[in-house]
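User: I'm new to reading protein models and would like to learn how to go through one. Could you take me through it, one feature at a time?

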Amino acid sequence: MTIFTVSLGASQGVDELQNDESEGLVGGISDLFLYKIVRSGPEEVTGNPFLHENWGKSGVVYSKGVRHPISNLNYNMYSDEIVELKTKNEVFIFDKSAIDSLEISGRKFSKLNGSFYETLSSGKNVDLLKRYTTRVQKGQFNPTDGTTTPSRLVQMDDYYTNRDG
């Protein structure tokens, strides 16, 4: 396996994984602290964009029929990205166009129309899917003391059915 790393500097860099098994799973490394505060225009937003608070989740990423076991796998609901914790402060962001499906701690996710959906139930003719996203809940002004609570990320769960695969 060949790993090429561009200097990370203060916050960003790129890793490319290239071998027979991981061909096409190209992504980048970003500073994890960028995710503690998300920017929505000029405003800072607090909250956790990741599906799992605990980064100890192992999983499998499937690309072109090849199984890639990954440790510390997570899903960024805010950016719809699959990420792996590399160090305490950095995550590897996979190229989602190269991912067909994945599993995180036994939970199966499929990619449909470029986004990831958890498969809750799979039937003969229909599947029940769940999509995780976030939205920004604006901070509220308190007129009694003149303070404003910060805006924050709120998890949104939407349910879908997919007929005949």
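User: Let's start with the rings. How many aromatic pairs does the structure hold?

Analyst: This is a predicted model, and it holds six aromatic pairs. Take Y75 and F109: their rings form a tilted pair, 6.2 Å from centre to centre, with 35° between the planes. Y75 sits in strand β8 (residues 73–76) and F109 in strand β12 (residues 107–112), so this pair ties together parts that are 34 residues apart in sequence.

User: Are Y75 and F109 buried or exposed?

Analyst: Both Y75 and F109 are buried. Now compare another pair: Y117 and Y160 meet edge-to-face, 5.5 Å centre to centre, with 90° between the planes. Y117 is in strand β13 and Y160 in strand β17 (residues 151–163), so you have another link between distant parts of the chain, 43 residues apart.

User: How do I tell whether Y117 and Y160 are buried or partly exposed?

Analyst: Look at the relative accessible area; under 20% is the cut-off for buried. Y117 comes to 10%, so Y117 counts as buried. Y160 has 36%, which makes Y160 partly exposed.

User: Which rings are linked into a cluster?

Analyst: Ring pairs join Y75, F109, F116 and Y132 into a cluster.

User: And which charged residues lie over the face of a ring?

Analyst: Here are two to find on screen. K86 lies over the face of F92, 5.9 Å from the ring centre. R131 does so over Y117, at 5.8 Å from the ring centre.

User: What else does R131 touch?

Analyst: The side chain of R131 makes a polar contact with the side chain of S115, at 3.3 Å. S115 is in strand β13 (residues 115–122), and S115 is buried because its relative accessible area is 12%. Leaving out neighbours within four places in sequence, S115 is in contact with D80, S110 and R131.

User: Where is D80 found, and what is its phi?

Analyst: The general idea comes first: most residues other than glycine have a negative phi. D80 goes the other way, with a positive phi near 55°. You'll find D80 in the loop between β8 and β9 (81–87). D80 has a relative accessible area of 6%, so D80 is buried.

User: What about K64: what is its phi, and is it buried or exposed?

Analyst: K64 is not a glycine, yet its phi is positive, about 50°. K64 lies in the loop between β6 (59–63) and β7. With a relative accessible area of 64%, K64 is exposed.

User: Let's go inside. Which residues have the most contacts in the largest nonpolar core?

Analyst: The largest nonpolar core has 15 residues, and L73, Y75, I82, F94, I99 and L102 have the most contacts inside it. The elements giving two or more residues to this core are β8, β10 (90–94) and β11 (101–104). There's also a second, separate core of six residues, including F50, W55, V83 and I93.

User: I99 is in that list; how far is I99 from V66 in space?

Analyst: Their C-alpha atoms are 9.9 Å apart, while V66 and I99 are 33 residues apart in sequence. V66 is in strand β7 (residues 66–70) and is partly exposed, at 28% relative accessible area.

User: Which residues does T133 contact beyond four places in sequence?

Analyst: T133 is in contact with M77, V154, Q155, M156 and D158. T133 sits in strand β14 (residues 126–137) and is buried, with a relative accessible area of 16%.

User: How many helices and strands are in the whole chain?

Analyst: The protein chain has zero helices and 17 strands. Of its 165 residues, 36% count as buried. Among contacts with a separation of 6 or more, 48% come from residues 24 or more positions apart.

User: Where is pLDDT under 50?

Analyst: Here's the general idea: where pLDDT is low, the predicted coordinates should not be read in detail. In this chain the mean pLDDT is 77, and 73% of residues reach 70 or more. Over residues 1–26 the pLDDT stays under 50, though the model has 60 contacts beyond four places in sequence for them. Residues 31–37 are also below 50, with 25 contacts in the model beyond near neighbours in sequence.

Terms used. Residues numbered from 1 in each chain as written. Predicted model: local features only at pLDDT ≥ 70, side-chain atom pairs only at ≥ 80, totals over all residues. Heavy atoms only, no water. Helix = DSSP H or I, 4+ residues; strand = E, 2+ residues; numbered from the N terminus. Buried < 20%, exposed > 50% of the residue type's maximum accessible area, 1.4 Å probe, protein only. Polar contact = N/O pair within 3.5 Å; in protein donor to acceptor, adjacent residues only side chain to side chain. Contact = heavy atoms within 4.5 Å. Phe/Tyr/Trp six-rings, centres within 6.5 Å; stacked < 30°, edge-to-face > 60°. Lys NZ or Arg CZ within 6 Å of the ring centre and 35° of its normal. pLDDT = per-residue confidence, 0-100. Core = buried A, V, L, I, M, F, W, Y, C linked by side-chain atoms within 4.5 Å.
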